[in-house]
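Grab a pencil and work through these short exercises with the structure open beside you. Each one comes with a worked solution.

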Amino acid sequence: MTDPVLTLAADHGLTRAAPAPGDSPLAIRGMTVSYGEKPAVFSVDATFPPHAMTAIIGPNGAGKSTMLKAALGVIPRLSGEVTVFGRPIGKARDRIAYVPQRASVDWDFPATVIDVVLMGLYRRVGLLKRLTGAHLAAARDCLDRVGMADFTDRQIGQLSGGQQQRVFLARALAQEADLYLLDEPFAGVDAATERAIIDVLKALKAEGRAVVCVHHDLATVARYFDHVFLINVRRIAEGPVATAFTAANLHATYGGRLATAHLDQLDLGLGGAS
């Protein structure tokens with residue numbers, strides 16, 4: 001069966017070379033996840049490209065966050081294999097940093113901002129080893145990168161939602177990972193925080209890291225991301241934004257929940273104007 005995204009690319013003189021699973025920062029094969037008798041993710045394959053920013057998009061209940069959490073092993077999967085840079089994920093966790101949804105975090109936990117960021121160093125330093133002045137300086141540098149250097153000693157529960165999200169991003173930066181997985185990093189944050197987060201993520205890409213985000217705002221997909229993965233329980237399409245973020249693929253993903261009038265306002269890829 002011909003891939004419609006590849007056909008669209010060929011029609012515009014483009015080619016799309018998907019990375020082989022062994023070269024991919026994150027590759028998923030045959031993933032199925034079920035809550036009770038109803039599958040939340042069904043037989044999904046995904047191959048995310050290196051040195052790129054990828055958005056996972058789909059309607060509410062489509063399995064976006066479930067796919068990411070099942071890949072990490074946060075929730076169980078019925079079937080499927082997950083590799084990170086060609087290795088089973090269990091043997092490559094030191095190359096991954098994960099930023100969960102802010103709503104899933106216990107913000108009443110008695111920790112300061114610097115405590116949270118230092119947690120990102122434990123995998124490298126070891127839980128039982130003493131943190132040095134150099135480690136503290138590294139954590140402060142991560143806070144500076146997200147604009148939170150002045151909040152070092154603040155209790156995390158006293159921060160705004162946007163500030164909390166920046167702190168968790170700083171914790172991920174402290175891990176110095178090769179693959180960054182973020183679950184709706186822009187949800188519920190102010191415009192200044194969104195700009196700060198996207199600047200940091202683009203800097204990570206420029207350093208050669210891979211970034212994968214569960215994302216809900218279709219209006220910013222083309223501006224923020226290079227690659228897109230569309231899901232509605234099953235994989236609908238994936239590829240570069242220019243060839244996969246199209247009206248046809250969005251209709252297939254969202255169905256009647258996405259108004260045609262809204263599509264006209266989006267900065268779609270090459271197929272979006274048809």
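One thing before starting: this is a predicted model.

**Exercise 1.** Find what follows helix 6, and check the length of helix 6 against its end C-alpha atoms.

*Solution.* Start by counting: helix 6 covers residues 161-174, which makes 14 residues. At 1.5 Å a residue, helix 6 should span 20 Å. Now look at the end C-alpha atoms of helix 6: they sit 20 Å apart, so the two values agree. Right after helix 6 comes Glu176, with a positive phi near 50°.

**Exercise 2.** Work out how many residues of helix 6 are buried.

*Solution.* The count comes to 12 of 14, so helix 6 is mostly covered given that buried means under 20% relative accessible area. Among the buried ones are Gly162, Phe168, Leu169 and Leu173, and also Arg166 and Arg171.

**Exercise 3.** Decide whether Thr152 is buried or exposed, then find what surrounds Thr152.

*Solution.* First locate Thr152: it lies in the loop between helix 5 (133-145) and helix 6. Its relative accessibility is 11%, and the cut-off for buried is under 20%, so Thr152 counts as buried. Next, follow its side chain, which reaches the backbone oxygen of Ala149 at 3.1 Å. Finally, skip the neighbours within four places in sequence, and you'll find Thr152 in contact with Thr112, Val113, Ile114, Arg140 and Leu143.

**Exercise 4.** Trace the open sheet and say which strands stand at its edges.

*Solution.* The sheet has 6 strands in the order 6-7-8-3-9-10, with mixed pairing. Strand 6 (96-99) and strand 10 (234-240) each have a single partner strand, so they stand at the edges, with one side of each lacking a neighbour in the sheet. From one strand to the next, the twist averages 15°. At the strand 6 edge, 4 bridges join strand 6 to strand 7 (residues 179-183), and the two run parallel. One pair to look for is Val99 with its bridge partner Leu182 in strand 7.

**Exercise 5.** Look at strand 8: what pairs with it, and why is it largely enclosed?

*Solution.* Strand 7 pairs with strand 8 in the parallel sense over 5 bridges, with Leu179 opposite Ala210. Strand 3 also runs parallel to strand 8, joined by 4 bridges, and here Thr54 stands opposite Val212. Now the side chains: Ala210, Val212 and Val214 point one way, Val211 and Cys213 the other, and all are buried. That is 5 of the 5 residues of strand 8, so the rest of the structure largely encloses it. To finish, strand 7, helix 7 and strand 8 make a right-handed β-α-β unit.

Key:
Residues numbered from 1 in each chain as written. Predicted model: local features only at pLDDT ≥ 70, side-chain atom pairs only at ≥ 80, totals over all residues. Heavy atoms only, no water. Expected span 1.5 Å × (residues − 1). Buried < 20%, exposed > 50% of the residue type's maximum accessible area, 1.4 Å probe, protein only. Polar contact = N/O pair within 3.5 Å; in protein donor to acceptor, adjacent residues only side chain to side chain. Contact = heavy atoms within 4.5 Å. Pairing = 2+ DSSP bridges. Axes fitted to C-alpha atoms, helices over the stretch in contact; angles between N-to-C directions. Right-handed = clockwise from strand over helix to strand, strands pointing away.
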